[in-house]
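Biologist: I am new to this structure. Please take one part, the packing of the helices, and go through it closely.

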Amino acid sequence: MRTGQVTTPFGRRPMTLALVKGQLQTPAGQASRPVEKWKVFRDIAEARQLLGLQDRALAVLDALLTFYPSNELSSEDKLVVFPSNAQLSVRAHGIAGTTLRRHLAALVEAGLIHRRDSPNGKRYAHRGQGGEIEDAFGFDLEPLLLRAAELAALAQQVAAERIRFKRAKEALTLCRRDIRKLLTAAMEEGAEGDWGQMEEIYVSLIARLPRAPSRENVEATLDEMAMLREEIVNRLEMQVKTQKTDGNDGQNGRHIQNSNPESIHDLEPSSEKEQEAKPEPTKVLQSETLKAFPLSMVLRACPQIGDYAVGGAISHWREFMAAAVVVRSVLGVSPSAYQDACEIMGPENAAVAMACILERAGHINSPGGYLRDLTSKARRGEFSLGPMLMALMRANGNGTRLAG
């Protein structure tokens, strides 16, 4: 016999010292009130994957519970059942002996039942003169009583996860439907744009989903699908805006009004020299339809900016924009170039552009010139952050860097 192990009479299964310790560390004290045994069983069935149990183990537990006469598990009663393997096999729908012993061991290892060994390895009970059970040897159901609240919490956790998974799949279905409608409308109406490329991105995202996806798979795909949908909407809205502004040039002459209370200019104003050299703002707000992408998606695409945040973590846009100012300084982008980007793209999108440039810093010779070029394209309504973010997200997800 191997040191540190004992052999039980029930199927001669080895019981490790860790398992013995687990049985001795049952929650102290008795439960204050009885619990309904089938309610506990339903909770275990719900949480079986978290407990590491197979369906056959549930069938064995169901059979064990049928040998306990009361419908409630109470600390005032003897909670040991003592059926033979033959009796258990019958009530577990004819399960084979070897399989029965394996799943009994699984229930013990999961901490749902305890073995109470008799001197000769048999399962039986000592009864008093009135027929009441004074002592019994077999399987102790006390852990079900003591862990009832914990098992109920696990079942609720599984149910909540199932709901979250269902809603994620529903949201992905709706997002896919929106993209299909938008692409179809854009192509049928002859809108300008590389809709074929958008179609290819859409198909590639669908192809990456496993046949049996997890919730994490679905949510990751949903994030990228939502980004693709936002990009398509941005492009279509920019075209509509461009058509309107082309029809009425008078509306294009209005000055930029920055009413954002968290403007990046509050964090780092331009120098007096730059303010004197800067011409009067006569830029056209053709990019007002650009929308900020969700912060969680941006951080997935541009994780490096977190290294420049106070405390090394970013939880809201204010922290993100403050980190972008630090990145701007590190990369040598002038305050005036960054201020122009904020005015044309909006403070959040300018900060996102800065984060994207940081991710590709090794492939960009002049970050300041690159940002000015993006700003010029945004001013003409020819730029959106969507493709950059999607490319970076795919590159980071594959563990590779985007080529310049």
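Modeller: What follows starts with the whole chain, goes on to the core and the helix pairs, and ends with single residues.

The model is predicted, so local features need pLDDT of at least 70 and side-chain atom pairs count only at pLDDT 80 or more, whereas totals for chains, interfaces and linings use all residues. Residues are numbered from 1 along each chain as its sequence is written, and side-chain values use heavy atoms, with hydrogens and water left out.

The protein has 17 helices and eight strands. These are DSSP runs numbered from the N terminus, with helices (H or I) of at least four residues and strands (E) of at least two. Of the 404 residues, 42% are buried. Buried means under 20% relative accessible area, exposed means over 50%, and partly exposed lies in between, for a 1.4 Å probe and protein chains only. Contact means heavy atoms within 4.5 Å. Among the contacts with a separation of 6 or more, 72% join residues 24 or more positions apart.

A nonpolar core is a set of buried Ala, Val, Leu, Ile, Met, Phe, Trp, Tyr and Cys residues joined through side-chain atoms within 4.5 Å. The largest one has 63 residues, and the members that touch the most others are Leu228, Ile305, Phe320, Tyr338, Met354 and Leu389. Helix H15 (residues 347–359) supplies nine residues, the largest share of this core. Another core, of 37 residues, lies apart from it and includes Ala45, Leu65, Leu88 and Ile95.

Within H15, what does Met354 touch, leaving aside its neighbours within four places in sequence? The list is Ala324, Val327, Arg328, Leu331, Val333, Tyr338 and Leu371.

Two helix pairs involve H15. For angles and distances, axes are lines fitted to C-alpha atoms, for helices over the stretch in contact, and the angle between N-to-C directions runs from 0 to 180 degrees. Angles under 35 degrees count as roughly parallel, over 145 as roughly antiparallel, 65 to 115 as roughly perpendicular, and the rest as oblique. A crossing is left-handed if the near helix is turned anticlockwise from the far one by less than a right angle, and right-handed if clockwise.

The first pair to consider is H15 with helix H13 (residues 317–330), whose axes come within 9 Å and cross at roughly 50 degrees. The two helices are therefore oblique to each other, and their crossing is left-handed. From H13, the contact takes in Trp317, Phe320, Met321, Ala324, Val327 and Arg328; from H15, Pro347, Glu348, Ala351, Val352, Met354, Ala355 and Leu358. By class, 11 of the residues in the contact of H13 with H15 are nonpolar, none polar and two charged. Here Ala, Val, Leu, Ile, Met, Phe, Trp, Tyr, Cys and Pro count as nonpolar, Asp, Glu, Lys and Arg as charged, and the others, Gly among them, as polar.

H15 also meets helix H16 (residues 367–379), with axes that come within 11 Å and cross at roughly 135 degrees. This pair, H15 and H16, is therefore oblique as well, and the crossing is right-handed. Ala353, Met354 and Ile357 of H15 meet Pro367, Tyr370 and Leu371 of H16. That contact has six nonpolar, no polar and no charged residues.

Elsewhere in the chain, helix H8 (residues 148–188) packs with helix H9 (residues 195–207): their axes come within 10 Å and cross at roughly 160 degrees. That makes H8 roughly antiparallel to H9. The crossing of H8 and H9 is left-handed. In the contact, H8 provides Arg176, Ile179, Arg180, Leu183, Ala186 and Met187, and H9 provides Trp195, Gly196, Met198, Glu199, Tyr202 and Ile206. Eight residues of the contact of H8 with H9 are nonpolar, one is polar and three are charged.

Helix H10 (residues 215–247) holds Thr221, and Glu231 is also placed in H10. Thr221 counts as buried because its relative accessibility is 8%. Not counting neighbours within four places in sequence, Thr221 is in contact with Leu172, Leu205 and Leu209. Glu231 is buried too, with a relative accessible area of 1%. Beyond residues up to four places away in sequence, Glu231 touches Met198, Phe293, Ser384, Gly386 and Pro387. Met390 is 159 residues from Glu231 along the chain, and their C-alpha atoms are separated by 9.8 Å.
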